[in-house]
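Open your viewer, load the model and keep the selection box at hand. We will go from stop to stop, with a note on what to select and what you will find there.

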Amino acid sequence: MEDEFDTLPIWTADAVEELGPEYAVPAGCRGSGTPEGLRWLSRSMGLLAGTRLLDSGAGEGGPAELAAREFGVSPVLVDPKHGACRAARRMFHRPTLVAGGERLPFPGGAFDAAWSLGVLCTVSQKHAVLTELRRVVPTGASVGLLVFVRTVDTLPDQPEGNDFPDRVELGRLLRAARLHLTVEATLSDFSEPPSEWHEKVDEVDDLVRQRHADDERLMTADHQQRIMGRLLDDGVVEGRLLVTRAF
């Protein structure tokens, strides 16, 4: 996970720096769903110009930047990996803090809305992550999630450091964190990104591989991503976008 979420973001930012700023959002949205899915989540959460949005586990910051550019939100990015935070700052110049989602460095109700995308399956303290998201928004506020959910009892394999909840466990976790599910969708409900989006992602990936093809850290990150891709393709894990309300 260090290779995938700490080292790879720095290499991605290096590639974006060479290729151009128009590559930043597609490259920075890796693992966070499609642009249409992110737009649906933003609309369903009621994000508006000036909304103070916390992105917990923001990674390279692409989704928050999409919401900032298209919906006018004011995002703050938090991620436990120093490499991810450095990459996000370089690409998007948004307020960024190194911190774990289990203990956010903000007072209660500091944000108008919060989201956490693709994070819950990568942490052991799932209840703490959800409880902290609830704590930093006021009652009635929206909390958005992208959760990769296990659809079978036992997986054939899974990326190292991942622990996928099933839908029953996810529902129990939400209720315990005082988050009421209002609407949800699966990533497969949304159209694929346009060809230009794919092309930009591929160009960034190609440049990273040219520079680091023999580095074991890239091989490890690729291995992790291939396992995740197989699980999603086989339908034993599915990505679910959730909009919840704090109560």
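Begin with E196, which at 44% relative accessibility counts as partly exposed. In this tour, buried means under 20% relative accessible area, exposed means over 50%, and partly exposed is in between (1.4 Å probe, protein chains only).

Before going on, two notes on the model. It is a predicted one, where local features need pLDDT of at least 70 and side-chain atom pairs count only at pLDDT 80 or more, while totals for chains, interfaces and linings use all residues. Residues are numbered from 1 along each chain as its sequence is written, and side-chain values use heavy atoms, with hydrogens and water left out.

**Stop 1: a charged patch**

E196 lies in helix 8 (residues 195–212). Helices here are DSSP runs of H or I with at least four residues, strands are runs of E with at least two, and both are numbered from the N terminus. Now add E22, E199, D202, E203 and D206 to the selection: together with E196 they gather in a patch of negative charge on the surface. A patch is made of residues with over 30% relative accessible area and no salt bridge; like charges are joined within 9 Å, and nonpolar side chains (Val, Leu, Ile, Met, Phe, Trp, Tyr) within 5 Å. Asp and Glu count as negative, Lys and Arg as positive, and His and the chain ends are not counted. To check distances yourself, place each charge at CG of Asp, CD of Glu, NZ of Lys or CZ of Arg. The accessible areas come from the Shrake-Rupley method with a 1.4 Å probe, and for residues only the protein chains shown count as cover.

**Stop 2: salt bridges**

How many salt bridges does the structure hold? There are 17, each one a side-chain nitrogen of Lys or Arg within 4 Å of a carboxyl oxygen of Asp or Glu.

Select D14 and R90, whose side chains meet in a salt bridge at 2.8 Å, N to O. D14 lies in helix 1 (residues 2–19) and R90 in helix 5 (residues 82–92), so the pair ties together parts that are 76 residues apart in sequence. Both ends are partly exposed: D14 at 26% relative accessibility and R90 at 31%.

Next, pick R209 and D222, joined by a salt bridge of 2.8 Å, N to O. This pair links distant parts of the chain, with R209 in helix 8 and D222 in helix 9, 13 residues apart. R209 is partly exposed at 34%, whereas D222 is buried at 14%.

For a bridge within one helix, go to E132 and R135, which meet at 2.7 Å, N to O. Both lie in helix 6 (residues 126–135), three residues apart, about one turn of the helix. An α-helix has 3.6 residues a turn, so residues three or four places apart point the same way. E132 is buried at 10%, while R135 is partly exposed at 30%.

Finally, select R167, E184, E238 and R240 to see a network of salt bridges.

**Stop 3: helix 5 and its end**

Which residues of helix 5 are buried? They are G83, A84, C85, A87, A88, M91 and F92. Their cover includes helix 1, helix 2 (24–28), helix 4 (62–71), strand 2 (74–79) and strand 3 (96–98).

Step just past the helix to H93, which takes a positive phi of about 60 degrees. H93 is found in the loop between helix 5 and strand 3, and at 67% relative accessibility it counts as exposed.

R178 also has a positive phi of about 60 degrees although it is not a glycine. Look for R178 in the loop between helix 7 and strand 6 (179–186); at 41% it is partly exposed.

**Stop 4: helix 9 and a loop**

Q224 lies in helix 9 (residues 216–233) and is buried at 5%. Leaving aside neighbours within four places in sequence, Q224 is in contact (heavy atoms within 4.5 Å) with M1, E4, P159 and E160.

L232, also in helix 9, is partly exposed at 33%. With the same neighbours set aside, within four places in sequence, L232 is in contact with F148, V237, E238 and G239.

Last, select N162, in the loop between strand 5 (142–150) and helix 7 (167–176). N162 is buried at 10%, and its C-alpha atom is separated by 7.1 Å from that of V123, 39 residues apart along the chain.
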